[in-house]
Amino acid sequence: MSNILKIAHLNLSHGFRGGERQTVLLIQNLAQMGVKQILLCRETSPLPQYLQGVPNLIIHALSDRPDARLLGHFIIKNSVDLIQAHETLAAQSAFLHHCLFKTPYVITRRVDDRIRNNIFNRRLYKTASACVGVSSVIADIMTKTFGVDSKTIHSAYSSLQIDPQKATEIKKSWEGKFVVGHIGALVDRHKGQSTLIEAVKELSAKIKNLLVVFLGEGQDKQILEQKSQGLPIEFLGFKKNVADYLSNFDIFAFPSNNEGLGSIILDAMNLKIPVVASNVGGIPDLVQNDATGLLIEKGDHKALAQKIIELYENKSLRERLVTAALNVTEQNSSQAMAEQYLQLYKTICSDQKK
């Protein structure tokens, strides 16, 4: 059935963040399984750049005009077996398409925010053929809010490619340093970078060769840079070749205040980098304290400093954590993720024919 199944993906986000990266991974892997696919995205979206050359994929880039988005419904009409909505606006669009053409749709929710339990959202979620959370906490939120039977399908690690020459250059530039790294949008209320900055104030006195690096851009960059003055911290901006940097971290610190899952954690685990993260959202699905990583309570900079010192002083602890974490990544490959979605799609389409 997989070679005749036709799926339309909706992702109407403006930028390219974790959800868009997961959209790319899913489409790429479904294509390898013989699934025919359509992607509807904004004309300003970077998604088409990442999906060039994917077989059996048609991309329709729509302008931001409301009439252009409406046109998208008539582009696909009832020509697909199922619609996969990858974010909130896409879910709303998929619901409208269902009202017009009766096409079943799947909602994937990636954030652990509370959802307003209003009439529209109840219709939106209850009409969906399946509601998927990228972590157990998100699935629980949908189930408790709307009484729907939500499923959990974790995001996947990205199989990031390392450029040996570039990675070696970075390693030389950090020679002699113990590097604690963070990757994420510089939005402090979400990613909690200030917690790491506060921790550095204690760490710098105990780890003389400490270097903390932040990769990413965001609205709080200037504020965070000001808080970091006089500390061994560097802001390196957004990097396309993130793996070249990540592979040279000694520790990956992820002190988020809220997090749907944190798929970048999987990338760190896959590159054998020990992880210290906040015990929030879906992170505990991946990081089990003192087993596959270390957990702290959100905002606790003293605990973060303590955990980093433990890892700095205990090489055997680092090795034990990264070895166990590899089992987590094996279960969360992009192929495994796509297989779970494909089985879900098949079940829905089979039920539709009964």
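Which residues have the most contacts inside the largest nonpolar core? Keep that in mind as you go through the points below, and remember that this is a predicted model.

1. **The main core.** The answer is Phe249, Phe252, Ile265 and Met269, which have the most contacts inside the largest nonpolar core, a group of 56 residues. Helix α12 gives the most to this core, with 5 residues. If you want a place to begin in the viewer, try Met269. Leaving aside residues up to four places away in sequence, Met269 touches Val275, Leu286, Val287, Thr292, Ala325, Leu326, Val328 and Thr329.

2. **A second core.** Apart from the core in point 1 lies another one, made of 29 residues. Leu203, Val276, Leu294 and Leu311 are among them. Try colouring the two groups separately.

3. **Salt bridges, and a long-distance pair.** How many salt bridges does a search of the whole structure find? It finds 7. One of these joins Arg21 and Asp267, whose closest N and O atoms are 3.0 Å apart. The partners come from distant parts of the chain: Arg21 sits in helix α1 (residues 18-32) and Asp267 in helix α12 (residues 263-270), with their positions 246 residues apart. Are these two buried or exposed? Arg21 counts as buried because its relative accessibility is 17%, and the limit for buried is under 20%. Asp267 is buried as well, with a relative accessible area of 3%.

4. **Lys191 and its neighbours.** Another salt bridge pairs Lys191 with Glu259, with 2.9 Å between the closest N and O atoms. This pair also links distant parts of the chain, 68 residues apart: Lys191 is in helix α8 (residues 188-191), while Glu259 is in the loop between β11 (251-254) and α12. Both ends are charged residues that turn out to be buried: the relative accessible area is 8% for Lys191 and 7% for Glu259. So what does Lys191 touch, not counting residues up to four places away in sequence? Its contacts are Arg17, His182, Ala185, Phe254, Pro255, Ser256, Asn257 and Glu259.

5. **A salt bridge with partly exposed ends.** Now look at Arg320 and Asp290, whose side chains meet in a salt bridge at 3.0 Å, N to O. Arg320 lies in helix α15 and Asp290 in the loop between α13 (283-286) and β13 (294-296), so this pair ties together parts that are 30 residues apart in sequence. Arg320 counts as partly exposed, at 40% relative accessibility. Asp290 is partly exposed too, also at 40%.

6. **The second largest pocket.** This pocket holds about 180 Å³ of space. Its lining is made up of Phe178, Phe249, Asp250, Lys272, Ile273, Pro274, Lys315, Arg318, Glu319 and Val322. Which element gives the most to that lining? Helix α15 (residues 315-331) does, with 4 residues. Sorted by class, the lining has 5 nonpolar and 5 charged residues, and no polar ones. You may recognise a name here: Phe249 lines this pocket, and Phe249 is also one of the residues with the most contacts inside the largest nonpolar core.

7. **Two backbone angles to check.** Most residues other than glycine have a negative phi. Against that background, have a look at Lys102, which is not a glycine but has a positive phi near 65°. Lys102 is in the loop between α4 (88-101) and β5 (105-109). It is exposed, with a relative accessible area of 59%. The other one to look at is Ser159, with a positive phi of about 50°. Ser159 is found in the loop between β7 (151-152) and α7 (164-173), and it is partly exposed at 36% relative accessible area.

8. **Pro164 and Asp244.** Finally, follow the chain on to Pro164, which is found in helix α7. Is Pro164 buried or exposed? It is exposed, because its relative accessible area is 59% and the cut-off for exposed is over 50%. Pro164 and Asp244 are 80 residues apart along the chain, and their C-alpha atoms are separated by 7.7 Å.

Terms used
Residues are numbered from 1 along each chain as its sequence is written. This is a predicted model: local features need pLDDT of at least 70, side-chain atom pairs count only at pLDDT 80 or more; totals for chains, interfaces and linings use all residues. Side-chain values use heavy atoms; hydrogens and water are left out. On a 1 Å grid over the protein atoms alone, a cavity is a set of points where a 1.4 Å probe fits but cannot get out, and a pocket is an open set with protein on both sides within 12 Å along at least five of seven lines; lining residues have an atom within 4 Å of a point. Grid points are joined across faces, edges and corners, and a volume is the space filled by probe spheres set on the points. Helices (H or I, at least four residues) and strands (E, at least two) are DSSP runs, numbered from the N terminus. Ala, Val, Leu, Ile, Met, Phe, Trp, Tyr, Cys and Pro count as nonpolar, Asp, Glu, Lys and Arg as charged, and the others, Gly among them, as polar. A salt bridge is a side-chain nitrogen of Lys or Arg within 4 Å of a carboxyl oxygen of Asp or Glu. Buried means under 20% relative accessible area, exposed over 50%, partly exposed in between (1.4 Å probe, protein chains only). A nonpolar core is a set of buried Ala, Val, Leu, Ile, Met, Phe, Trp, Tyr and Cys residues joined through side-chain atoms within 4.5 Å. Contact means heavy atoms within 4.5 Å.
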